[in-house]
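User: Please take a close look at one part of this model, the contact between its two chains, and set out carefully what can be said about the side that chain A contributes.

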Amino acid sequence: MDKPNEGCGDSPAENIIEVRNLTKRFGTKLVLDGVSLAIEKGKTTVVIGPSGCGKTVLIKHFIALIRPSEGEVCFRGRRIDDLSERELSRVRTHFGYLFQEGALFDSMTVAENILFPIRQHHKKHPWRQADDLVKAKLAMVGLDGFQNYYPARLSGGQRKRVALARAIALNPEVILYDEPTTGLDPIRSDIINELILKLERELGVTTVVVTHDMKSAYKVADRIIMLHNGRVIADGNADYIRNHPHPVVQQFINGQVSEDDLAVLRMTGSAGAAQFLPRDFEE
Amino acid sequence: MIGTLGAKAIQDVVEAGHFGRFVWRAAVTSAHSSAVRRTYPLVWTQMNLIGVRSVPVIMITGAFVGMTLAVQAYDQLAGMGLEEYLGNLINISVVKELGPVLAAVMLAGRIGGALTAELGTMNVTEQIDAVRSMGTDPIRYLVAPRLLACLLLTPVLIIYADLMGIVGGALVSFLQFGINSRAYWDLSAYGVDFWDVGVGVVKGFFFGGAIAVISCYKGFTCREGAQGVGQACTEAFVMSFISILALDFALAVVSKNVYEIFWPLKSMIG
């Protein structure tokens, strides 16, 4: 890496990613409101929060897929949010990103998807080893034998596992998971959780998981951060979060609707009043 | 009211700025990619999708343009006893204007729609972000091969359209109107020179570039959902169509002035 930038240079060595006063607006909508946090090297950090609270926007800032309105993003003591796309290309090879729906290239086979980042960055890679490499990556996610399948033929869980195999193709230092268990049944969700733990254990990577699945969060997290209305409202290990006094944290982790939301539901009319259309179309 | 107009004007200026930056990056990256051997397979694939598969539709377009011109112009010329000049009129119209413009409009529909839909779908399913997240510039990987393929092949496709326009016009003139073929071709050769053909082909280069950058830009910036992709395709076609007509006008003015500058030299050499 190049020499540290001013501001990010004082970041402790154990913090691989650091964001400072991160604010993001889309038009007039404030999504992140002065978020400051550091991601520790080699640990699994889980970001939780209700849908639309800015979790995905936050981790997209970690690899500058989104640029901040204000604030700084640092990776290994170097500021990255002000780099050009060309300079970022090298930084991004240190990351693996699992997108919510996998984002596999649907015009390519599973093997071609996994080879894509390798072909882009290893110009003189010995191509005779390509098959072995794809086999090894797919074996890590338990999908060896699916090399010639197209993404359309895979189930949701398989697609995420192939996307994970692609995310680890360049042996990244950090893996970012965006809602890895969303849309999966409990068994397939647990397979993904086990894979997250396996990759952390075997590859020694730093892991950041964005989720609203508390079972998954408790299983994989060394540390849990809760976002609400674009701000960090809780930050600690699983026990700390379980016993956190903030009512929003308790409502979220227990899956309870708040009194305010209930009041709104009660005020907005009864279901009976909404059924003004007679069901005579069935006759 | 004034506030709304102002906000819309600012939005349009910002959009124009984004488009300008996109065009600049696409041009610089394509120029760089054209010298990199690793890009050639990607360009080759796009040349097949964009160029080879467009040949039938372009040839049909060209043939009908020539045939229609013959039918429309015959009565006018025959009324003055100049029916043998039909080939001259058809061929100059086809190679300078109608062949390039109508072929480009056809390509804007066929290629432009496909490019916008493909890149738009990649955009809304986060595949473009996936390309970026793996440290690859999506302009280099997705836009440059498509732009290079369009720049290289639109002039070639226009030559196909021109040829078929000439053949279509000649067939209708000979078979339907019984015009003497010798006089038809002699007068055509007298009226159409290499400059006219060259102007039409050079127009194809600009039209191809416009179709590619507009279609790719609309795909990269399309809104989410099936409706967003559909709207982006419509906008790409309309913008490409208007750009083709505007470029056609600008290039007609430029080519006329250039011709007037070099015309005396031609007579000196001839």
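Analyst: What follows concerns the contact and then the helix of chain B and the sheet of chain A. This is a predicted model, in which local features need pLDDT of at least 70 and side-chain atom pairs count only at pLDDT 80 or more, while totals for chains, interfaces and linings use all residues. Residues are numbered from 1 along each chain as its sequence is written, and chains are lettered from A in the order in which they are written.

The contact takes 18 residues from chain A and 11 residues from chain B, two residues being in contact if their C-beta atoms, placed from the backbone, lie within 7 Å. On the side of chain A that touches chain B, α2 (85-92), β6 (95-98) and α3 (110-121) each supply at least two residues, and α2(A) gives the most, with five residues; helices (H or I, at least four residues) and strands (E, at least two) are DSSP runs, numbered from the N terminus. By class, this side has nine nonpolar, four polar and five charged residues, where Ala, Val, Leu, Ile, Met, Phe, Trp, Tyr, Cys and Pro count as nonpolar, Asp, Glu, Lys and Arg as charged, and the others, Gly among them, as polar.

In chain B, helix α1 (residues 2-33) has buried residues B:A26, B:T29, B:S30 and B:S33, buried meaning that 20 or more other C-beta atoms, placed from the backbone, lie within 10 Å of the residue's own. The buried residues of α1(B) pack against α6 (138-176) and α8 (194-220) of chain B.

In chain A, an open sheet of four strands has the order β2-β1-β4-β5, with antiparallel pairing, strands being paired if DSSP finds at least two bridges between them.

Key: The expected span of a helix is 1.5 Å times one less than its number of residues. A residue is buried if 20 or more other C-beta atoms lie within 10 Å of its own, exposed if 12 or fewer, and partly exposed in between; C-beta atoms are placed from the backbone.
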